[in-house]
Amino acid sequence: MGPEAISDSELIAIILGTGTKQSSALDLANSILSNYVSIFNLLQATISELCEIPGIGYAKSIKLKAAFELANRCMAREQLTMDKITSPEDIFRLMNFRLKTETREHFLAVMLNTKSYLLKIDLISIGSLNATIVHPREVFNRAIRASACGVILVHNHPSGDPEPSQDDIKLTNRLVAAGDLLGIPIMDHVIIGHQKFYSFSRENHL
């Protein structure tokens with residue numbers, strides 16, 4: 001009947017491969033789901049947290065995280081073939097899956113060519129729960145190496161509220177000024193929250 005007919009717990013059991021003397025792989029999968037309720041919550045679990053579940057050791061935790069990362073990369077590769085970036089909605093669709101489960105701020109640069117087609121996406125830095133440190137040289141060094149003609153800045157707010165902080169505004173202004181100097185414009189800065197986003201360009205803050 002195909003993989004679509006398999007339940008979440010059965011998919012997890014296949015990834016786990018084996019159970020323990022006391023529990024089958026399916027029993028362990030059901031135990032994992034009972035701890036995390038949904039696949040979305042499970043995506044956010046760390047390896048150490050997964051290891052706390054009886055029967056799920058380090059090796060099985062690694063298998064689960066590897067499967068989730070593979071799915072994440074498949075989504076990213078698919079998005080690399082999308083049409084040119086024309087709106088903040090395009091950025092949200094491109095980056096939401098990658099960032100929505102992160103518990104720390106991730107700051108990325110989306111590199112565009114002259115026709116606003118996607119060249120590459122670079123992770124610039126990983127910060128804390130509510131802040132990240134970014135230096136202009138890190139952003140524009142990557143942009144120059146990618147021969148980018150424009151850059152869209154993206155970062156997430158783990159709190160779920162995409163409204164920019166004063167630090168976000170100051171950083172954006174600093175990067176816009178550096179881009180103007182180098183001739184590589186900052187096209188937008190999109191902050192991703194829970195199922196919503198904030199666009200500096202749309203709010204006329206660039």
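Visitor: So helices (H or I, at least four residues) and strands (E, at least two) are DSSP runs, numbered from the N terminus. How many of each does the protein chain have?

Guide: There are 8 helices and 5 strands in the protein chain. Their order from the N terminus is α-α-α-α-α-α-β-β-α-β-α-β-β. Do keep in mind that this is a predicted model, where local features need pLDDT of at least 70 and side-chain atom pairs count only at pLDDT 80 or more, while totals for chains, interfaces and linings use all residues. Residues are numbered from 1 along each chain as its sequence is written, and side-chain values use heavy atoms, with hydrogens and water left out.

Visitor: Thanks. What box do the C-alpha atoms fill?

Guide: Along the principal axes, the C-alpha atoms of the protein chain take up a box of roughly 65 × 35 × 30 Å. Of its 206 residues, 40% count as buried; buried is under 20% relative accessible area, exposed is over 50%, and partly exposed is in between, with a 1.4 Å probe and protein chains only.

Visitor: And how much of the contact list comes from residues 24 or more positions apart?

Guide: Among contacts with a separation of 6 or more, such pairs make up 59%. Contact here means heavy atoms within 4.5 Å.

Visitor: Let's look inside. Which residues have the most contacts in the largest nonpolar core?

Guide: Phe107, Val139, Val151 and Leu175 do, in a core of 18 residues. A nonpolar core is a set of buried Ala, Val, Leu, Ile, Met, Phe, Trp, Tyr and Cys residues joined through side-chain atoms within 4.5 Å. Two or more residues come from each of β1, α7, β3 and α8, and α8 contributes the most, with 4. Another core, of 16 residues, lies apart from it and includes Leu16, Leu42, Ala45 and Leu64.

Visitor: I'd like to zoom in on α7. Which of its residues are buried?

Guide: Helix α7 spans residues 136-145, and its buried residues are Pro136, Val139, Phe140 and Ala143. Viewed down the helix axis, they fall within an arc of 80°, so they line one face of α7. That arc is taken from the directions from the helix axis to the C-beta atoms.

Visitor: Why would residues three or four places apart point the same way?

Guide: An α-helix has 3.6 residues a turn, so residues with that spacing point the same way.

Visitor: What do the buried residues of α7 pack against? And which exposed residues sit on the face turned away?

Guide: They pack against β1 (106-112), β2 (118-126), β3 (150-156), α8 (166-182) and β4 (186-192). Arg137 and Arg145 are the exposed residues on the face turned away from the buried side.

Visitor: Which residue takes a positive phi just after α7?

Guide: Ser147, with a phi of about 55°. Ser147 sits in the loop between α7 and β3, and it is exposed, with a relative accessible area of 57%. Ser116 also has a positive phi, near 65°; Ser116 is in the loop between β1 and β2 and counts as partly exposed at 23% relative accessibility. For background, most residues other than glycine have a negative phi.

Visitor: Switching ends: is Ala29 buried or exposed?

Guide: Ala29 is buried, with a relative accessible area of 0%. Ala29 belongs to helix α2 (residues 25-36). Setting aside neighbours within four places in sequence, Ala29 contacts Ser9, Ile12, Ala13 and Leu16.

Visitor: What about Ser61, where is that?

Guide: Ser61 is in helix α5 (residues 58-79). Ser61 counts as buried at 0% relative accessibility. Not counting residues up to four places away in sequence, Ser61 touches Ile47, Leu50, Cys51 and Ile56.

Visitor: Last topic, pockets. How much space lies in the second largest one?

Guide: The second largest pocket holds about 180 Å³. Lining it are 14 residues, and Lys100, His157, Pro158, Gly193 and His194 are the closest to its centre. On a 1 Å grid over the protein atoms alone, a pocket is an open set of points where a 1.4 Å probe fits, with protein on both sides within 12 Å along at least five of seven lines, and lining residues have an atom within 4 Å of a point. Points are joined across faces, edges and corners, and the volume is the space filled by probe spheres set on them.
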